[in-house]
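Work through the exercises below with the sequence and the 3D structure at hand. Try each task before reading its solution.

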Amino acid sequence: MKELIKEIIEQKNLDEIFAYAIKKLFTEGPTSTTVLEILSYLSIFAPEYFESVQNEILEIMGVFYKNPHATTLQSTIFNMYGEYIKEKHQNNYTPVQANIVQTINEYKYFSFSAPTSTGKSYVFRNIIESLKKDIVIIVPSRALINEYYDRVCKLITDKTVNVLTFVDLINTKHVKRSVFILTPERAKELFKFKDSLNVEMFLFDEAQLSDEESVRGLYFDSIVRRVQNAFPNAKCIFSHPFISNPDAQFEKNNFDMFESKALQYQQKNVGQIFFANDGNEYFHFGIDKEVMGKQKIKSKFDPLMEAIKNGGSILIFTTKASIYNKSVFAKFSNYLDACLPISDVTALKLIDQLNQYIGANDTYYRSNMLEMLRHGIVIHHGSLPLQARLILEHFTQQGFCRICFATSTLEQGINMPFDVVYLNTFEASRTLSMKNLIGRAGRSTSTLKFDYGSVVVKSENMSNFRIVMLKEEILNNVSLLDTDEGEEDVDYKEFKEAINTGEFSDEFNLTNAEVNRLKDDNIDDIVKNVLESMFANGQLISLDVINEDINFRLALYKYFVLLYRHYLNGRELSNGEGSVLNTAIKILLWKIHSKTFKDICWRRYAFAARVPERRKLERQSKEVTSQSLKRLFKEQANQLNAGFIRGYDDLPNINLRNYSLYTEGTKAINIDYDRIVFDTYDYLDKLISFKLSDIFYAIFYQYYEKTTDDRALRLAKYFKYGTDDEKEILMLRYGLSFEEIEWVRDYILEISLEEIIFDPSIKELPPEKLVSIERFLM
């Protein structure tokens, strides 16, 4: 068989082509990319012919959840197998899903890999619902936590089950078991509560994180090893995409091989076809050139425009830089123009939720992201706030997205399938990541039809694309904890040694060496100076007091810098480090003074965009009647240069230079509000929450233990929780955000670790308002 794309398009030899495909499908299952390509092309270019054989294809593929009807002897055999699976598992599982369930039941430890469209999430949801004891789900990112949390809350309506994204014992008066959804960093808290938990299963999803050469990769393997010791009776399940040696998890972490099983599933539930884009033209090409054809064939249709016209959705994989400088929007402008304004009430509510969260408006704080969203155009990247990301994922999953411009944040299992995936950037060296993104093309539906998706690459990337698709993905069978890789990074090496030797403090999330540095006597005078500056008459001083005296403010910032230098063994900060740290301290002080995320964004944007000055000039323009003066005031406003604002960078980094978030000469009127939102989130999430809070909490809490100075304990709580109010801390422990606390606290009559008692009037609020507290309403 050869030149099959050309033959199918020309409707030649269809019986022969189908016979070839169905034979391989029957003998090998839906594992061949080429066979699924053939079936996809038949469904597109020979729809009448395909309609006559579709039931047989679906039956032999094992997609029994579509309820196909057997039409041949071969399909009857699979129909009987489907009935057996349904009777045994009380579910329309595919053969792969049934095997996953059976193997989990039979073995204590199970590691497997499967393509993106296998339906493992559906299996996991059923397992989570059926277990009777605690379950811990460990995922690589907080974005994936959000998705799991959302799904599990919808799945488990039983209010005697806690669904938590952190480790805590709350609502104890009513709860019988808990489902914890955690990152490896948060999972360390499990070991503090091990005697109070009855964990039946650990589910490690997207477990290829163990190969990531970073602190997070080390964390992952350290958690796996500690789980075996602390929870010896619990099952451990590892799930990966596309990995050919899932047994590596057992080898690298010393599991009992007699109680372990590893399997690689290659079966897929959806087909895919592939296009090469060259300028304004699109061409069909196949992965196996010997079968599908050696020459690309010009397409008679534009797959992106076709998807938009048919109400489908497109993922455009691109770089964050191209989103920030808007070049990617210019490149795809004809497709953006084809996206009509959205009028659906549910979609508009989601857009309004996002608007409320980021604090945009139609005057100075305009959001290009929201303007695009009103046309079904989504932006998704790692600097998007988690709450915003969740709203956008709901928006996409409910079918309102036409085009999604995304970076590699969609690699890690987030359930956002698309009809078309366009690889605007191609990272040939990151083959597993590319496969994960490619796997987003094609929605697995319950409709009685063959599902397929389309993948588009630039013509110059065709050869590399084929290499990526055919490359075997292999996990290291030796843990990074046991190698010398990455040890040229001093911080990484210190962290690894601490993990391996047990010299890591779960209480402070720092190495013991760091903890000890932060409590020696040399730091006490600096801590005392901070406390004297931050408190007056036993009360936290206001932001007004901090801001009204620049010398006072600079002195306060200097104390915090000195504390951070102590963490770095006393070394001087580079100009870039100092600028980033000062910005972080400013944001941290706003956070301590109960400023919400949008409040902080407003303050930073107002400074960068010179909003007070522009408003003053606008008022002056309105007060005069002369048109020439009006033009003068407007011109003055337009010519104001942007205020210097230091963008986020990771710390420590001694080579960091000091530079503005915006290029020199940028006018205040051209400052992008969205960019401020993204940068503020990076500071809050990646630097303050992930690093500085732990450092400053350790400093002030240990000072409190030495001196019993209550001010130090209060400030330690501010660093850990963002408040020292015990009621608010309890609300945070119940999973409420500060934005939610603002309105919900007036409805709480009593709160403790045992339960929350609400004023009955809270049930009169709109359902969408109650989502975060619904599980605690008795």
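**Exercise 1.** Leaving aside its neighbours within four places in sequence, which residues is Lys-194 in contact with?

*Solution.* The model is predicted.
- Step 1: find Lys-194 in the loop between α9 (184-187) and β5.
- Step 2: set aside the neighbours within four places in sequence; Lys-194 is then in contact with Ala-230 and Phe-231.
- Step 3: check the exposure. Lys-194 has a relative accessibility of 39% and therefore counts as partly exposed, since that class lies between the buried limit of 20% and the exposed limit of 50%.
- Step 4: for a distance across the model, take Gly-570, which is 376 residues away from Lys-194 along the chain; their C-alpha atoms are separated by 37 Å.

**Exercise 2.** Find the strands that β6 is joined to, and state how they run.

*Solution.*
- Step 1: locate strand β6 at residues 235-240, where 5 of the 6 residues are buried.
- Step 2: look at strand β1 (residues 109-113), which runs parallel to β6 and is joined to it by 5 bridges. Here Phe-110 stands opposite Ile-237 of β6.
- Step 3: look at strand β5 (residues 199-204), also parallel to β6, with 4 bridges between them. Leu-203 of this strand stands opposite Ile-237.
- Step 4: follow the chain through helix α10 (residues 215-230). Together with β5 and β6, this helix makes a right-handed β-α-β unit.

**Exercise 3.** Describe the sheet that contains β11 and β13, and explain what sets its edge strands apart.

*Solution.*
- Step 1: write down the strand order, β10-β9-β8-β15-β14-β11-β13-β12; this is an open sheet of 8 strands with mixed pairing.
- Step 2: go to the edges, where β10 (297-298) and β12 (377-380) stand. Each has a single partner strand, so one side of each is left without a neighbour in the sheet.
- Step 3: examine one pair inside the order. Strand β11 (residues 314-317) and strand β13 (residues 403-406) run parallel and are joined by 4 bridges. Ile-314 has Ile-403 in β13 as its bridge partner.

**Exercise 4.** How many disulfides does the structure hold?

*Solution.*
- Step 1: the count is 0.
- Step 2: test this on Cys-401. The nearest cysteine sulfur belongs to Cys-404 and is 5.1 Å away, and Cys-401 is in no disulfide; a disulfide needs the two sulfur atoms within 2.5 Å.
- Step 3: note the setting of Cys-401, which is buried, with a relative accessible area of 1%.

**Exercise 5.** Work out which side of helix α22 is covered, and by what.

*Solution.*
- Step 1: α22 spans residues 490-501, and its 12 residues reach 16 Å from the first C-alpha to the last, close to the 16 Å expected at 1.5 Å a residue.
- Step 2: list the buried residues of α22: Tyr-492, Phe-495, Lys-496, Ala-498 and Ile-499. They cover an arc of only 160 degrees around the axis, so they lie on the same side of α22.
- Step 3: recall a general point: an α-helix has 3.6 residues a turn, so residues three or four places apart point the same way.
- Step 4: turn to the other side of α22, where Val-490 and Thr-501 are exposed.
- Step 5: identify the cover. The buried residues of α22 are covered by elements including α10, β16 (504-505) and β17 (510-511).
- Step 6: α22 is followed by Gly-502, with a positive phi near 75 degrees.

**Exercise 6.** Which residues of α28 are buried, and what do they pack against?

*Solution.*
- Step 1: check the length of α28 (residues 597-608). Its 12 residues should span 16 Å, and the end C-alpha atoms are 17 Å apart, which agrees.
- Step 2: the buried residues are Phe-597, Ile-600, Cys-601, Arg-604, Tyr-605, Ala-606 and Ala-608. Cys-601 counts as buried because its relative accessibility is 0%, while the limit is 20%.
- Step 3: the buried residues of α28 pack against α17 (345-358), α27 (575-592), α29 (611-623), α31 (673-707) and α34 (738-744).

Key: Residues are numbered from 1 along each chain as its sequence is written. This is a predicted model: local features need pLDDT of at least 70, side-chain atom pairs count only at pLDDT 80 or more; totals for chains, interfaces and linings use all residues. Side-chain values use heavy atoms; hydrogens and water are left out. Buried means under 20% relative accessible area, exposed over 50%, partly exposed in between (1.4 Å probe, protein chains only). Helices (H or I, at least four residues) and strands (E, at least two) are DSSP runs, numbered from the N terminus. Two strands pair if DSSP finds at least two bridges between them. A crossover is right-handed if, with the strands pointing away from the viewer, the path from the first strand over the helix to the second runs clockwise. The expected span of a helix is 1.5 Å times one less than its number of residues. The arc is that of the directions from the helix axis to the C-beta atoms. Contact means heavy atoms within 4.5 Å.
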